[in-house]
Amino acid sequence: MSTGRGPGSAPRARLLSSLKIRNYRLFFLGQVVSNNGTWMQRIAQDWLVLSLTGSSTAVGITTALQFLPLLIFGLYGGVLVDRLPKRPVLVATQAAMAVTALVLAALTLTGHVLVWHVYAAAFSVGLATVLDNPARQSFLSELVGPGQLRNAVGLNSANFQSARLVGPAVAGLLITGVGTGWAFLLNGVSFAAPLTCMALMRTRELHAVERAPRGKGQLREGLRYVAGHPELVWPIVLVGFFGTFALNFPVHLSAYANDVFDAGAGVYSLFNTLVAAGSLAGALLTARHESARRRLPFIAALVFGVVEIAAAAAPTMWSFALLMIPMGLFAMVVNVATNATMQTTAAMTVRGRVTALYMMVLLGGAPLGAPVVGWITDIYGARVGLAAAGAVAAGTAAATGLLLVRAGGHRVAIGWRHHRPQIRVVPRNREAAAELLP
């Protein structure tokens with residue numbers, strides 16, 4: 001008798017396994033609504049700044065201000081998150097971001113908005129994310145437990161990226177139809193969903209986790225912990241350069257839409273939607289697997305850099321647009337695979353600090369990189385700016401990957417198998433390497 005299962009039923013069951021847990025399901029549903037609002041605000045914010053100033057550098061400054069607090073206070077946020085209960089922290093940060101969005105909506109809809117208002121709103125959101133990012137990532141352990149953690153990380157990223165498909169499209173319609181202020185308003189209202197869902201969670205079903213006690217030197221303790229684990233150090237270095245120079249999508253895509261192809265907000269939102277489609281595919285691919293090879297983030301970052309360089313040379317708008325899909329896919333594989341490594345490798349008592357360091361270098365590098373990338377784009381053109389970003393991504397991936405291989409007592413060996421070239425990671429011991437690589 002048929003069970004009704006097809007060949008792909010087992011992978012699909014693993015893909016959605018975390019959603020069987022009620023508390024995680026509530027968390028996931030609340031984020032579905034809020035993430036769409038967040039993406040609407042991001043697109044509207046970037047386009048509003050470009051409309052007010054006509055400058056890619058100004059867009060870069062906005063991005064920088066949003067992530068500057070992470071760079072300055074990110075590690076201290078991790079220390080606090082390790083000490084505090086995660087759910088109340090998330091309620092406070094989500095409420096703060098809702099208020100910021102509503103204030104910006106009021107200024108824009110009444111016609112009083114100035115560029116410094118947008119700068120201030122971006123910085124305020126950045127302050128909230130200092131606690132929100134590590135708390136949200138660490139809270140997954142309480143929601144699903146260690147067995148489902150990698151799956152939950154992947155589904156969470158897929159959730160965020162699926163919103164990236166809808167949010168930019170809706171933002172484009174709102175901007176061209178009724179103005180940017182409505183996007184800010186809808187984002188503010190959307191935070192009611194996660195706040196309600198967190199209130200409905202059953203506390204007794206949360207997994208107990210050990211919180212770090214209050215004490216001196218906890219920041220240094222977290223840094224020492226990371227420094228003693230090469231499998232954490234080099235992925236963090238990779239995402240530091242990757243986030244600082246390669247992931248400045250607001251600067252690159254707004255410049256291509258406005259300057260290279262002489263299009264409007266609709267095309268800008270289209271580019272973001274296609275990046276999101278690729279990102280969603282990348283998140284789902286990584287969520288399907290319970291484990292991933294440590295080399296995966298480095299390979300994905302290398303391919304991402306090559307794709308970004310190819311996009312810089314794309315001759316038409318549609319050829320450029322199509323390359324947004326693989327660009328988003330490989331960027332998300334880097335993100336999810338590295339995040340999962342942080343979550344599964346770090347001990348629970350320092351996980352908030354390790355996650356905060358990871359988020360700080362991934363997102364906090366934008367204050368350094370975005371204005372530089374915006375300046376290069378303004379002076380030398382969008383194509384040069386994008387190509388330079390791709391070169392940094394590819395070069396960093398190759399360098400950090402090789403350093404991690406060496407730290408693990410291995411080396412890269414090039415040989416031949418079945419009349420084809422093959423690159424393998426083998427022990428530095430010559431006799432062992434000879435056995436592995438005929």
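**View 1. G111, just past the end of helix α4.** Right after α4, G111 takes a positive phi of about 80°. Keep in mind for this view and the others that the model is predicted. The helix leading up to this glycine, α4, covers residues 86–109. Counting 24 residues, α4 reaches 35 Å from its first C-alpha to its last. That is close to the 34 Å expected at 1.5 Å a residue.

**View 2. T93 and its partners.** Staying with α4, this close-up picks out T93, which is found in that helix. Is T93 buried or exposed? With 5% relative accessibility, it counts as buried, because the cut-off for that label is under 20%. Leaving aside residues up to four places away in sequence, T93 touches A128, L131 and D132. With D132 there is also a polar contact: the two side chains are joined at 2.7 Å.

**View 3. D132 and R136 in helix α5.** The aspartate from the previous view shows up again here, this time in a salt bridge. D132 pairs with R136, and the closest N and O atoms are 2.8 Å apart. Both sit in helix α5, and because they are 4 residues apart there, about one helical turn separates them. D132 has just 1% relative accessibility, so it counts as buried. R136 comes out at 17%, so it counts as buried too. Put views 2 and 3 together and D132 has a polar contact with the side chain of T93 as well as a salt bridge with R136.

**View 4. E142 and K86, a bridge between two helices.** Which residue forms a salt bridge with E142? The partner is K86, with the closest N and O atoms 3.9 Å apart. This pair links distant parts of the chain: E142 belongs to helix α5 (residues 115–144), K86 to helix α4, and their positions lie 56 residues apart in the numbering. E142 has a relative accessible area of 12%, so it is buried. K86 counts as buried as well, given its 6% relative accessibility.

**View 5. E205 and R202, a salt bridge with partly exposed partners.** How many salt bridges does a search of the whole structure find? The total is 3, and one of them joins E205 to R202. Here the closest N and O atoms are 3.0 Å apart. E205 has 32% relative accessibility and therefore counts as partly exposed. R202, with a relative accessible area of 34%, is partly exposed too.

**View 6. A nonpolar patch on the surface.** L71, I72, F73, Y76, L127 and L368 make up a nonpolar surface patch of about 560 Å². Which helix gives the most to the patch? Helix α3 (residues 56–83) does, with 4 residues. Y76, one of the patch members, lies in that helix. At 51% relative accessibility Y76 counts as exposed, because the label needs over 50%.

**View 7. D82, buried in helix α3.** Helix α3 also holds D82. Unlike Y76, which counts as exposed, D82 counts as buried, with 4% relative accessibility. Where does A356 sit relative to D82? Their C-alpha atoms are separated by 10.0 Å, though the two residues are 274 residues apart along the chain.

Definitions and conventions:
Residues are numbered from 1 along each chain as its sequence is written. This is a predicted model: local features need pLDDT of at least 70, side-chain atom pairs count only at pLDDT 80 or more; totals for chains, interfaces and linings use all residues. Side-chain values use heavy atoms; hydrogens and water are left out. Buried means under 20% relative accessible area, exposed over 50%, partly exposed in between (1.4 Å probe, protein chains only). A polar contact is a pair of N or O atoms within 3.5 Å; within protein, one must be able to donate a hydrogen and the other to accept it, and residues adjacent in sequence count only if both atoms are side-chain atoms. Contact means heavy atoms within 4.5 Å. The expected span of a helix is 1.5 Å times one less than its number of residues. Patches are made of residues with over 30% relative accessible area and no salt bridge: like charges are joined within 9 Å, nonpolar side chains (Val, Leu, Ile, Met, Phe, Trp, Tyr) within 5 Å. Accessible areas come from the Shrake-Rupley method with a 1.4 Å probe; for residues, only the protein chains shown count as cover. A salt bridge is a side-chain nitrogen of Lys or Arg within 4 Å of a carboxyl oxygen of Asp or Glu.
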